[in-house]
Every structure is written in structure tokens, then in C-alpha cells.
Amino acid sequence: MTEKRKGARSIKDIPADILKQLNQGVIETANLTEWLAVDQKLLLQNLLLQNNRSEYLKPVLKMVDQLKKQTVNTINEAIGVGILDQAVKNDDEEFLLNLSTHPADLVRCWAAYTIGRNDKLDFKEKFKKIQPFAADSHFGVREICWMTVRPDISKYLPETLSVLSTWTAHENEYIRRFASESTRPRGVWCEHIDALKQNPGLGLEILEPLRSDSSRYVQDSVGNWLNDASKSQPEFVVEICDEWLSESPTKETQYIVKKALRTIRK
């Protein structure tokens with residue numbers, strides 16, 4: 001097994017050969033610094049050249065150029081949606097399947113958008129196809145993939161919460177974490193879910209099974225979920241935390257509760 005590569009701490013410190021490999025899609029980014037340094041337009045160009053799909057480049061770049069605000073995340077989404085549009089127009093399912101197992105994490109992020117933004121799939125099909133991305137070994141793919149289905153979660157809230165509640169029993173901690181992180185009332189880098197801000201109790205079918213989860217990754221997400229809710233419904237969060245501590249006084253639950261109450265009890 002090869003030792004995991006450590007990324008540079010600042011963009012200027014990334015070795016030229018590493019940056020070249022990142023932009024060619026040969027290797028994954030090792031950390032957030034590298035993730036931010038990748039030239040996604042160049043990576044796209046290289047990807048399409050390598051797969052004999054160069055005719056997709058202009059229309060996809062046009063979508064990127066039309067963005068009001070170009071950030072790593074908005075470009076990521078625009079490229080993913082652009083690739084989806086081209087694949088649909090050209091009946092190119094094969095290309096989409098290749099992207100989902102690509103060695104470059106940012107390409108797999110684009111692939112997640114080709115699922116999450118595909119109007120031909122209902123939310124159950126999207127969730128089924130997105131689950132392998134939720135289990136991805138790369139942090140970036142795991143973050144992006146829940147954002148791709150967030151609009152569906154908001155639109156079909158009771159039904160999607162019901163599906164995701166089954167994910168809380170999954171053996172993979174990343175998939176359990178997806179259930180919590182994707183439904184956070186406020187979330188990060190995404191639209192808020194007003195129904196959960198006003199009535200966070202709707203999310204208990206996901207939170208309850210995770211209140212003493214063994215994974216710190218999951219614990220952080222559950223704590224952050226409740227902290228989100230505490231900004232609009234503090235009484236609810238205090239009540240739930242008291243209940244959990246009395247029924248489940250484990251170190252895991254204590255950690256989650258401390259994180260949940262950090263805004264209320266500064």
C-alpha cells in the first residue's frame with residue numbers, strides 16, 4: 001500500500017509536477033489547498049481530450065463563463081451540469097459511467113452532479129446512484145455529492161428523510177454521515193432548509209439513531225446539525241440534548257451534545 005501523499009500548505013508551495021498531474025487528472029488532490037489550486041477548465045479540457053469528447057468543451061465552458069460568480073464550487077457545478085447536458089444530447093451514458101470511477105476527485109465531483117441534477121431520475125434513483133459517492137475515499141467528493149441532491153431533499157423533505165433514515169444503520173460511517181450532513185437545517189455552502197429550521201423535530205428519524213454513533217466524523221455532523229437548529233429553535237435543542245444525556249450518557253453522546261449547545265452556551 002502506498003503512503004498517502006501530504007499536500008502543500010499553500011498554493012505557491014505546490015510542486016510544478018504535482019500541479020501538472022492534478023490538472024491532467026492523473027492524481028487526486030491531497031488536501032483543500034490542492035483542491036482549490038486545480039484549474040478546472042484545464043482539467044476539463046484534458047479529460048475531454050483523453051476521452052475523445054473534445055466537442056463537449058465549448059458548450060460546457062460557455063456555461064462556466066456565464067456564471068455571475070466563479071468559485072471552486074460554482075465552477076464545479078457548472079461543469080458537472082454542462083457534461084450532463086452534452087451526454088444527454090449525445091446519448092452518451094458510457095462517458096458518464098467512466099467519470100464516476102475516474103482517478104481525479106474533481107472529475108468524480110462532476111460525475112456526482114450528473115446524477116444529482118439529472119431531471120430524468122426521481123429522488124430515489126438519485127439517492128441509489130449517489131450512495132457510492134457518499135462512501136468515496138476523498139473528502140471533496142463526499143462534500144460535493146450531498147450538495148448535488150440537496151434541492152431534492154428540500155423539495156421532497158418527508159420522503160427523502162424517510163429514505164435517508166435507513167442510511168443511518170449503514171456499516172460505512174461515511175454513508176451514515178451523509179444522512180446527517182445532507183439534511184442540516186442551515187448547512188454549509190448551500191441553501192437553508194426552512195422547514196427544518198422551523199421544525200427540526202422532523203429530522204429526529206435521522207438524528208436519533210446516530211446520537212451515540214461510534215464515528216467522530218458522524219458525531220461532528222450530528223452536533224453541527226443540532227447547532228444549526230439551535231439558532232432558530234434553541235428550546236427544542238436543549239430539550240433533545242437533555243433527553244439524550246439522560247437516556248444515553250455515553251462519551252459519544254456527551255461529545256455531540258457539547259457541540260450542539262456551543263452557540264447557546266457560549
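**View 1. Thr 29, tucked into a loop of this predicted model.** With a relative accessibility of just 4%, Thr 29 counts as buried, since the cut-off for that label is under 20%. Thr 29 belongs to the loop between α1 and α2 (32-37). Leaving aside residues up to four places away in sequence, its contacts are Arg 5, Leu 22, Glu 34, Trp 35, Val 38, Asp 105 and His 138.

**View 2. A nonpolar patch on the surface, built from Ile 11, Leu 32 and Leu 36.** Together these three residues offer about 270 Å² of accessible area. Ile 11 comes from the segment before α1 (16-24). Its relative accessibility is 48%, so Ile 11 goes down as partly exposed; the exposed label would need over 50%.

**View 3. Tyr 56 meets Phe 95, one of the aromatic pairs.** Searching the whole structure turns up six aromatic pairs. In this one, Tyr 56 and Phe 95 sit edge-to-face, with 5.9 Å from centre to centre and 65 degrees between the planes. The pair links distant parts of the chain: Tyr 56 is in the loop between α3 (40-50) and α4 (57-65), while Phe 95 is in helix α6 (residues 93-99), 39 residues apart. Buried or exposed, these two? Both Tyr 56 and Phe 95 are buried.

**View 4. Tyr 174 and Tyr 217, an edge-to-face pair between helices.** Here the ring centres are 5.5 Å apart and the planes make an angle of 75 degrees. Tyr 174 belongs to helix α11 (residues 173-181) and Tyr 217 to helix α14 (residues 216-230), so the pair ties together parts 43 residues apart in sequence. Tyr 174 is partly exposed, at 24% relative accessible area. Tyr 217 is partly exposed as well, at 22%; for either ring to be called buried, the value would have to be under 20%.

**View 5. Arginines over tyrosine rings.** Tyr 174 from the previous view also has a charge above its ring: the charged end of Arg 142 sits there, 3.9 Å from the ring centre. Elsewhere, Arg 216 lies over the face of Tyr 255, and the distance to the ring centre is 3.6 Å.

**View 6. Five aromatic residues in one cluster.** Which residues form this cluster? The members are Phe 123, Phe 127, Tyr 156, Trp 167 and Phe 178. Phe 178 falls within the range of helix α11 (residues 173-181), the helix that holds Tyr 174.

Conventions. Residues are numbered from 1 along each chain as its sequence is written. This is a predicted model: local features need pLDDT of at least 70, side-chain atom pairs count only at pLDDT 80 or more; totals for chains, interfaces and linings use all residues. Side-chain values use heavy atoms; hydrogens and water are left out. Rings of Phe, Tyr and Trp (its six-membered ring) pair if their centres lie within 6.5 Å; planes under 30 degrees apart count as stacked, over 60 as edge-to-face and the rest as tilted. Helices (H or I, at least four residues) and strands (E, at least two) are DSSP runs, numbered from the N terminus. Buried means under 20% relative accessible area, exposed over 50%, partly exposed in between (1.4 Å probe, protein chains only). A charge sits over a ring if NZ of Lys or CZ of Arg is within 6 Å of the ring centre and within 35 degrees of the ring normal. Patches are made of residues with over 30% relative accessible area and no salt bridge: like charges are joined within 9 Å, nonpolar side chains (Val, Leu, Ile, Met, Phe, Trp, Tyr) within 5 Å. Accessible areas come from the Shrake-Rupley method with a 1.4 Å probe; for residues, only the protein chains shown count as cover. A salt bridge is a side-chain nitrogen of Lys or Arg within 4 Å of a carboxyl oxygen of Asp or Glu. Contact means heavy atoms within 4.5 Å.
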